[in-house]
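Biologist: I've got the model open and I keep running into labels I'd like to see justified. Can we go through them one at a time?

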Amino acid sequence: MEASAGLVAGSHNRNELVVIRPDREVGPKPLHHLNGQTCHICSDDIGLTVDGELFVACNECAFPICRPCYEYERSDGNQVCPQCKTRFKRHKGSPRVQGDEDEDDVDDLENEFDFGDRDKQDMQYSVESMLHGHMSYGRGGDMEMPQVRQTMLPQVPLLTNGQMDPGIPPEHHALIIPQFMGGGKRVHPLPYGDSNFPVQPRSMDPTKDLAVYGYGSVAWKERVENWKRRQDKMQVMRSDGGMLPGGKDGDPDGNGDGPDLPLMDEARQPLSRKMPIPSSRINPYRLIIILRLVVLGFFFQYRILHPVEDAYGLWLTSVICEIWFALSWILDQFPKWLPIERETYLDRLSLRYEKEGQPSQLSAVDLFVSTVDPLKEPPLITANTVLSILAVDYPVDKVSCYVSDDGAAMLTFEALSETSEFAKKWVPFCKKFNIEPRAPEWYFVQKIDYLKDKVQPSFVKERRAMKREYEEFKVRINALVAKAQKVPDEGWTMQDGTPWPGNNVRDHPGMIQVFLGHSGGHDTDGNELPRLVYVSREKRPGFNHHKKAGAMNSLVRVSAVLTNAPYLLNVDCDHYINNSKAIREAMCFMMDHTLGKKVCYVQFPQRFDGIDAHDRYANRNIVFFDINMKGLDGIQGPIYVGTGCVFRRQALYGYDAPKKEKATGKACNCCPKWCCCGCCLSRKKNRKTKPKQEKKKKKSKRNDISAPIYNLEDIEEGVEGIDSEKSSLMSQKNFEKRFGQSPVFVSSTLLENGGVPKNATPGSLLNEAIHVISCGYEDKTEWGKEVGWIYGSVTEDILTGFKMHCHGWRSIYCIPSRPAFKGSAPINLSDRLHQVLRWALGSVEIFLSKHCPIWYGYGGGLKWLERLSYINATVYPWTSLPLLAYCTLPAVCLLTGKFIIPEQLC
């Protein structure tokens, strides 16, 4: 999209389109990381022993386990290997546990509690061990071991008692490296096969079953064949750079677990990890909840069984209020039962999607900034938010910033024009010196040592020059604000003398201006800048524009026509990006092959600047953002809080979450193979009844209001009994009924990975963009009902997230070490009370609507604990009524001389 196209304004209904004012890489390099063996329990590096060798916990099967997990299994676990179930033996430097006295190994009394020198030795041998000390577990002949080849010829004892199993290839016989070879007791597959290799007999431990070792058993041959098959598939994946045939990353069977798969290189590891809260911290809290429930049970048993006859009305009122308080407490506590934390790996994301010498494979992101009144939301604050977005640490060709001006203010338009010019100097400065945060207002006022970690001599000089540039930029913005205080009688006019189209806030055409783009936006160093697009939707009298929710839906449609990124990030105009890697943090969840397919959005916590030390107005909301949201993340995900959230575009379109495919082709093991009855007959019956069930299922889907109007599979296959033209016509009508009459937008909804048609011209895209932001576009469509931000409440954020969870999606709560976003909090009591009142009003609107979580969404994908959290968020304003009644009871009792408890207890 060209940045020189000028301001495009028009109305699709009036057939107007006017161009008002035509005017005038170095990407992040992939991190090189050495490939290392990782633990199959916690995914951390296995590490080295005190002798500088790769740590091997189990001497029998060499199952990869790191030292901390090994120590935990010995001290607090079952003390056996997870794979071969052999008891762990004590290694040098490990504390003794019960049962170690029976072992015949040499005592290590002086070192068994000493771990002080391990880190120094790990640092000394880390590089050498990473390059040459890899275990060959699961890799077979992929690794060369020249030193072992020279020394292990005739002295290698096999684990098959000297008998060559014909079903096991010679190269897969396991061996134990003797102690004199320097490797200790470590199990390896034989790195080569030689028919002349002498086989020396070795007696096995008669107390152990042969299957414990995993060799010589009947299943060993099948395991070897499966291992070879997985190695072949992995080799194909490595050569092609794609996924395994099963569809899951590193899982040939496609079921997502793959416990026997060998670990792959760093780039193929999961991009995030779920870390449950330690039991020592969460179990006391759970115990207190259970104890309180028991106490509540005895309390209500007494209160209900001992009524006060002479003050029955007061007693009944008090009991009803107490029951309501108990239910509110239960709704608030149980969603916190399973809190979790998450950790991301940004280096793995770069290694996987940003390979050196190749274009970045990271997904594109469209960022939305919404503003209404520039006098209440200062343009300087909005400008800082936009600047932090343009300077984000992400490929510039993958970032597009859309600013929604729902007030059609010329002040916002001119301020954004100044911002685009200043960004050409600010963005290269941020990326050159890697500064944080990248909002200039907050960067220059922070009270820290700005020279920390800065080694370039030119930094001080360029920082002073940039601060001067920013101060001049602030003066220009302040001049615009001062000029806008008094509106001329004839309205605002633009620099070329054209009247500003938004002079009438309630009656104006749609406006789009591309300030920065591929062909018209370069910084002072000549590098490309992200897109920056100004959008003001059309407004006409007699139409319901649905406030912020309607503005966000307009941005969804405009961005789909112009850029169509598969992911969206929305922030309020006063929430700037405090962590330049925030988008990468979200992509660690969205682009993870094992987790991301079912994630509808990644929510970041809200953090604020300018809060006093005592937080007198409770703006930090610590209980909600640091406790409740973590608990929801352990169930189905946090609720959407309106800002600082990365969405999957397909989830906003009202699609159901992808369902896990059931394994097919499994044989029945309940009867012998020669048996043709029993389960086989039941399977035949299921086949016969399957078409009828499918017809009923399709019919019920069409009757369900909350279900999507169409299914992509049905549209692609067509309708039986109707030719292709009529079928495509019916499909097109279904699309138009759902998304509106824009063929460009409808076609974009079918592109899961985003993108726009290559043959589309900028003029045609702008014309279509004006069409999709017209005030009548949403009439007789599903926008605001099933698609996009949901209408019907001033707290559209809770309602939108609730609808997504009802469709089976899950959300993620991401808390980076550096806060991702920071915003402005209310600084006085009246603003804070107005904010809380608006939240309460929105919850009451949801409670009285059809989308109330008490009765909506059953039979979908919403989990019951997640439903309890939404019920709690909806009914909490009603607690004010029983609270008010309960607080007046003592005064009534004093005035009447009657009490709500029996007199014998008074």
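Biologist: What makes Arg303 count as buried?

Modeller: This is a predicted model, so everything here is computed from its coordinates. Arg303 has a relative accessible area of 3%, and buried means under 20%, so Arg303 qualifies. Glu322 gets the label too, at 9%.

Biologist: And how do you know that Glu322 forms a salt bridge with Arg303?

Modeller: Look at the closest N and O atoms of Glu322 and Arg303: they are 3.2 Å apart. The cut-off for a salt bridge is 4 Å, so the pair passes. Glu322 belongs to helix 7 and Arg303 to helix 6, so the bridge ties together parts that are 19 residues apart in sequence. The structure holds 28 salt bridges.

Biologist: Why is Glu341 called partly exposed, while Lys630 is called buried?

Modeller: Glu341 comes out at 28% relative accessibility. Partly exposed runs between 20% and 50%, so that is where Glu341 goes. Lys630 is at 17%, which is under 20% and therefore buried. The two side chains meet in a salt bridge of 3.1 Å, N to O. Glu341 sits in strand 6 and Lys630 in helix 15, so this pair ties together parts 289 residues apart in sequence.

Biologist: What makes Glu786 and Lys803 a salt bridge?

Modeller: Their N to O distance is 3.0 Å, and that is within 4 Å, so the rule is met. Glu786 is in the loop between helix 21 and helix 22, with Lys803 in helix 22, 17 residues apart. Both Glu786 and Lys803 are buried. There's also a network of salt bridges, linking Glu354, Asp393, Lys581 and Arg584.

Biologist: On to the rings. Why is the pair Phe735 and Phe739 called stacked?

Modeller: The ring centres of Phe735 and Phe739 are 6.4 Å apart, with 25° between the planes. Pairing needs centres within 6.5 Å and stacking needs planes under 30 degrees apart, so both conditions hold. Phe735 and Phe739 are four residues apart in helix 19, about one helical turn, and both are buried.

Biologist: Then what makes Phe745 and Trp783 a tilted pair?

Modeller: At 5.6 Å centre to centre, Phe745 and Trp783 pair up, and the angle between their planes is 45°. Under 30 degrees would be stacked and over 60 edge-to-face, so 45° is left as tilted. Phe745 is in helix 20, and Trp783 is in the loop between helix 21 and helix 22, so parts 38 residues apart in sequence are tied together. Phe745 is buried at 0% relative accessibility, and Trp783 is buried at 3%. The total comes to 39 aromatic pairs.

Biologist: How do you know that Arg557 lies over the face of Trp783?

Modeller: Arg557 is at 4.8 Å from the ring centre of Trp783, and the distance limit is 6 Å, so that part of the test is passed. The rule also asks for a position within 35 degrees of the ring normal. Arg348 does something similar, with its charged end over the ring of Tyr345, 4.1 Å from the centre.

Biologist: What makes helix 13 agree with its expected span?

Modeller: Helix 13 has 16 residues, and at 1.5 Å a residue they should span 22 Å; the end C-alpha atoms are 23 Å apart, so the two agree. Helix 13 is also mostly covered, with 14 of its 16 residues buried. Asn564, which follows helix 13, has a positive phi, near 55°.

Biologist: Last one: why is Ile635 called buried?

Modeller: Ile635 has 7% relative accessibility, and the limit is 20%, so buried is the right word. Ile635 is found in the loop between helix 15 and strand 15. Setting aside neighbours within four places in sequence, Ile635 contacts Pro335, Arg810, Lys863, Leu865 and Glu866. The C-alpha atoms of Ile635 and Lys336 are separated by 9.0 Å, though the two are 299 residues apart along the chain.

Definitions and conventions: Residues are numbered from 1 along each chain as its sequence is written. This is a predicted model: local features need pLDDT of at least 70, side-chain atom pairs count only at pLDDT 80 or more; totals for chains, interfaces and linings use all residues. Side-chain values use heavy atoms; hydrogens and water are left out. Helices (H or I, at least four residues) and strands (E, at least two) are DSSP runs, numbered from the N terminus. Buried means under 20% relative accessible area, exposed over 50%, partly exposed in between (1.4 Å probe, protein chains only). Rings of Phe, Tyr and Trp (its six-membered ring) pair if their centres lie within 6.5 Å; planes under 30 degrees apart count as stacked, over 60 as edge-to-face and the rest as tilted. The expected span of a helix is 1.5 Å times one less than its number of residues. Contact means heavy atoms within 4.5 Å.
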